Amino acid sequence: MGFSKWVNLLFIIFNCFLPIFSDSSSSTSNDNLPINKFLDLAKNPQVFDWMVDIRRKIHENPEMGYEEFETSELIRAKLDELGIPYKHPVAVTGVIGYIGTGLPPFVAIRADMDALLMEELVEWEHKSKVPGKMHACGHDAHVAMLLGAAKILKELEKDLPGTVVLVFQPAEEGGGGAKKIVDAGVLKNVSAIFGLHVNHDTSLGAVASRSGPLFAGSGFFEAIISGKGGHAAIPQHAIDPIVAASNVIVSLQHIVSREADPLDTQVVTVGNFQGGGAFNVIPDSVTIGGTFRAFSHESFMHLRNRIEQVITGQAAVHRCNATVNFLQEEKIFFPPTINDAGLHDYFRSVAGSLLGVDKVNDMQPVMGGEDFAFYQQALPGYIFLLGMRNPSAEPLHIVHSPYFKINEDALPYGAALHASLAARYLVEFRQEEVPVVEGKYHDEL
Ligand SMILES: [Zn+2]
Ligand SMILES: [Zn+2]
């Protein structure tokens, strides 16, 4: 960026932001906050093009959970460029940045960084350069938007009445990176955390979320059902694990349909069945695998226990043995994602001011899981969907599709929402915070 452009940008920022924070006595009033300027700033090419460039670089080089080494390095280079201090490594590849006073209140905004094991089928200039890996869940865009918010917030740092904590977390896709971030203790003094996820069928410029349960708690299981192999035409000398596994699968469906409250949404799905290799051989064993979902801890644990009982019990009925593994090492249980009710009202107010109240939609809960839930177990948290759908363009594919595409026009909305949610939180909630003990929180930086 040329010198004159910097002067221009600083002038805009000075004019936009100084009044927001300069008068602390009136800061709890929302009415004077010109938060629309955040969106204007995020749409400015100096921020927008910068985000697009970051997003495309990350998209070309997708990295799996806890292996986001180059993504993490890129994030740190951008934070260095902005003069933002950070902690690293946190949870292997995670980066925690700080903007503001270094003192309370602390408010966090989060982006996940990991990609998926799948081949990109979108033909475009910045297609994945790593065979078999793809950013098909939009986490490349999430990182770019959080950095965009950081760029905006850094410019008004001296006026922030507290500290914004930037959370770049690894391994959302099943690895529970959020849990490792929480366990690392870096969010100890944080009062609230906000996150977003891009969504293909919410309109560009709109958002969707709800108070309370938004995403389900999710777990995985794998079972090995062992019998005794033999000739397919002489079954009396074998113990058939195929028939046993088939009955197991049918019985698993009865847990939700016959045992669960129909008003308490739950899912048990068997998505994997491996057994046998020939038409005329009864195999020794069958392996099945699946997932289960629920919106409360009690229902979730009930499903977990009943899945184990049904598999071992039904296998025994058919003279087979069964072992059930809930894969806690590789795929930890995600708790339900439950949005804080107070933060829901706050979010509606901020997003409504920024986008227009008609652009802030309520949505039904969905059975997908999100490891943002781990933050919400530790502190009040709120996550929402960010719209990308442009009605005049071809429809976008859903996340985890090999044809998944980001509408990059959504990036400024995400950056502005992150920045607004964090900045306004500090202004509105600082007076409710505990008194500052001088020096006490400097270690946080
Ligand atoms: Zn995903
Ligand atoms: Zn995702």
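**Exercise 1. Find the residue that stands opposite F273 in strand 12.**

Solution. The residue is I288. Before going on, note that this is a predicted model, in which local features need pLDDT of at least 70 and side-chain atom pairs count only at pLDDT 80 or more, while totals for chains, interfaces and linings use all residues. Residues are numbered from 1 along each chain as its sequence is written, and chains are lettered from A and ligands numbered from 1 in the order in which they are written.

Step 1. Take strand 10, residues 266-275. Strand 10 runs antiparallel to strand 12, and 9 bridges join them. (Strands are DSSP runs of E, at least two residues; helices are runs of H or I, at least four; both are numbered from the N terminus.)

Step 2. Check another bridge. V268 has F292 of strand 12 as its partner.

**Exercise 2. Work out the strand order of the sheet that holds strand 10, and name its edges.**

Solution. Step 1. Look for a further partner of strand 12, which spans residues 285-294. Strand 8 (residues 217-226) is antiparallel to strand 12, with 10 bridges between them. One place to see this is S226, which stands opposite S285.

Step 2. Write the order. It is 10-12-8-13, an open sheet of 4 strands with antiparallel pairing. (Two strands pair if DSSP finds at least two bridges between them.)

Step 3. Read off the ends. Strand 10 and strand 13 (321-325) each have a single partner strand, so one side of each is left without a neighbour in the sheet.

Step 4. Add the twist. On average, neighbouring strands here are turned by 20 degrees against each other, direction ignored.

Step 5. Find a helix on this sheet. Helix 7 (residues 241-259) lies across strand 8, strand 10 and strand 12. Helix 7 runs at about 170 degrees to strand 10. (Axes are lines fitted to C-alpha atoms, for helices over the stretch in contact; angles run from 0 to 180 degrees between N-to-C directions.)

**Exercise 3. Describe the sheet of 8 strands.**

Solution. Step 1. Give the order. It is 1-2-4-3-5-16-6-15, and this sheet is open with mixed pairing.

Step 2. Name the edges. Strand 1 (86-90) and strand 15 (360-362) each pair on one side only.

Step 3. State the twist. Its neighbouring strands are turned by 25 degrees against each other on average, direction ignored.

Step 4. Follow two pairings. Strand 3 and strand 4 run parallel and share 7 bridges, and A108 has V165 of strand 4 as its bridge partner. Strand 5 (residues 190-203) and strand 16 (residues 381-389) also run parallel, over 8 bridges. There, F194 is partnered by Y382 of strand 16.

**Exercise 4. Is strand 3 enclosed or left open by the rest of the structure?**

Solution. Step 1. Count. In strand 3, 7 of the 7 residues are buried, so this strand is largely enclosed by the rest of the structure. (Buried: 20 or more other C-beta atoms within 10 Å of the residue's own; exposed: 12 or fewer; partly exposed: in between; C-beta atoms are placed from the backbone.)

Step 2. Split by face. In a regular strand, side chains alternate between the two faces of the sheet. One side of strand 3 has F106, A108, R110 and D112, and the other has V107, I109 and A111, all buried.

Step 3. Set this against the whole. Of the 445 residues, 47% count as buried.

**Exercise 5. Classify how helix 3 packs against helix 11 and against helix 5.**

Solution. Step 1. Place helix 11, residues 411-429. Helix 11 lies across strands 3, 4, 5 and 16, at about 155 degrees to strand 5.

Step 2. Cross helix 11 with helix 3 (residues 45-60): the axes come within 10 Å, at roughly 105 degrees. The two helices are therefore roughly perpendicular. (Under 35 degrees is roughly parallel, over 145 roughly antiparallel, 65 to 115 roughly perpendicular, the rest oblique.) V47, F48, M51, V52 and R55 of helix 3 meet L411, P412 and A415 of helix 11. (Contact: C-beta atoms within 7 Å.)

Step 3. Turn to helix 5 (residues 139-155). Its axis and that of helix 3 come within 8 Å and cross at roughly 150 degrees. This pair is therefore roughly antiparallel. Among the residues in contact are W50 and I54 of helix 3, and A144 and L147 of helix 5.

**Exercise 6. How many helices and strands does the protein have?**

Solution. There are 11 helices and 16 strands. Among contacts between residues at least 6 apart in sequence, 80% join residues at least 24 apart.

Definitions and conventions
Two residues are in contact if their C-beta atoms, placed from the backbone, lie within 7 Å.
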